[in-house]
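Trainee: Could you go through this structure with me? I'd like to start with its pockets and then pick out a residue.

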Amino acid sequence: MKEQKLKNRWLIAASAVGIHISIGSVYAYSVMTNPVKDIFDVDGGVVKWAFKIAILLLGLSAAFLGRWVEKVGPKVSGTTAGIFYGIGILGSGLAVQLESLTLFYLCYGVIGGIGLGLGYITPVSTLVKWFPDRRGLATGMAIMGFGFSALIFGPIMQSLFNAVGVANAFYILGIIYMIIILSSARYIERPPVGYMPEGYKEGEGKVIKADMANIDANEALKTRRFYYIWIMMFINISCGIAIISAASPMMQEKLNYTPMEAAAIVGLIGVFNGLGRLLWSSLSDYLGRANTYIVFFVFQILAFYFLPKISVELTFLVILFTVITMYGGGFSTLPAFLGDLFGTKQLGAIHGMVLTAWALAGVIGPTIYDVVKSATGSLDTTLAVFSGLFVIAFIVSLLMKQLVVKAQQKKEKELALA
């Protein structure tokens, strides 16, 4: 009877994608900047604060509510995420209708941001438990949805703004997001205790490599490997966000692109961001998680240093797009890596704490770029600074690799003695 009631793990994955595609629409924020700033009669930079607050709250809510997510389970936390994100978008429509910028910050930034944080970690920690054999692939699928969302909802937003007006567009989008997230949350749930996929059950031959540990969030904070992965993520995100935020002017400067041509490349950046999330996390199942991050940092040390010196269009774009795949891949490989390092006992809580690196990097990365660029006027010097940051990330990733190898050797000895 229990076997019949077991849910299809691929439909669990599809539900996770549904949640991430909905909340990932935050990446299409630039589409709404101009229509919203015209309503409030303010500069675009003022309106962008709602986005910054939303990303900050994403990181903070993921960190502080991670333990709660683990306690109540994905159905409750996913439903809560849908309610918060939906109300945040619906409230943004009301703010536009009332022409209240403060209400817009509160609804889109704070309420919507809490929904983002809950929605981001809820499905990921559940998927790791359903796919112990293919953690990278499973988390890559969900987080790819977050990366690709802007390509889907960006045009939909623009069409709605033109067809029904800004406030009504928010109302319609809020209802759409709420329906998708709440429907997805109804299906998603944890696997039974001790769940193993077909072929991996006792006596069936295939064996899953044991995790380094199975500890809670408080214990994770006392380990070196937690701080190693935090530093690695902070640097990868800071540098990635910096280059994404500066991509259009950089291509106009280095390749003599028109603003329209540069905008088209920015659209492609979204594609490679999404593809990288599935590609690298899936590859990490075979390469090993620590090795995947080492590849990221070695490539990007060279890429950031040489990119401003390259004037051949194709070479420039290939390197730029590869960097973007590694930016996205860093996010999607993370949950699987955390599962390897700490086990699945409180994976959502640990994942949330590491995402504070995202909240901080979203502000610090672009700021470093702007400060160095304005002080030196040189793209070479600016990207060389980021190349130097990747040297630090590379050293930390080697220390992490050393830890992983030692822990695996210790685990193998324990199993041999058992």
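**Pockets and one residue**

Mentor: Let us begin with the second largest pocket of this predicted model, whose lining residues divide into 11 nonpolar, 4 polar and 9 charged.

Trainee: Which elements give two or more residues to that lining?

Mentor: For the second largest pocket they are helix 14, helix 15 (289–306), helix 16 (313–342) and helix 19 (379–417), and helix 14 gives the most, with 4 residues.

Trainee: And which residues lie nearest its centre?

Mentor: The second largest pocket is lined by 24 residues, and those nearest its centre are K209, D285, R289, D340 and Q408; the space in this pocket comes to about 520 Å³.

Trainee: OK, what about the largest pocket, how much space lies in there?

Mentor: The largest pocket holds about 1,600 Å³ of space, and among the 45 residues that line it, Y27, S30, F51, I244 and S245 are the closest to its centre.

Trainee: Which helix gives the largest share of that lining?

Mentor: Helix 18 does, with 8 residues of the lining of the largest pocket, while the lining as a whole divides into 26 nonpolar, 15 polar and 4 charged residues.

Trainee: Changing topic: where does V271 lie?

Mentor: V271 lies in helix 14, which covers residues 259–287, and V271 counts as partly exposed because its relative accessible area is 24%, a value between the 20% and 50% cut-offs.

Trainee: What does V271 touch?

Mentor: Leaving aside residues up to four places away in sequence, V271 touches F148 and L151. The C-alpha atoms of V271 and F321 are separated by 9.2 Å, although these two residues are 50 residues apart along the chain.

Conventions:
Residues numbered from 1 in each chain as written. Predicted model: local features only at pLDDT ≥ 70, side-chain atom pairs only at ≥ 80, totals over all residues. Heavy atoms only, no water. Buried < 20%, exposed > 50% of the residue type's maximum accessible area, 1.4 Å probe, protein only. Contact = heavy atoms within 4.5 Å. 1 Å grid on protein atoms, 1.4 Å probe; cavity = no way out; pocket = protein on both sides within 12 Å on 5 of 7 lines; lining within 4 Å. Points joined across faces, edges and corners; volume = space filled by probe spheres on them. Nonpolar A, V, L, I, M, F, W, Y, C, P; charged D, E, K, R; others polar.
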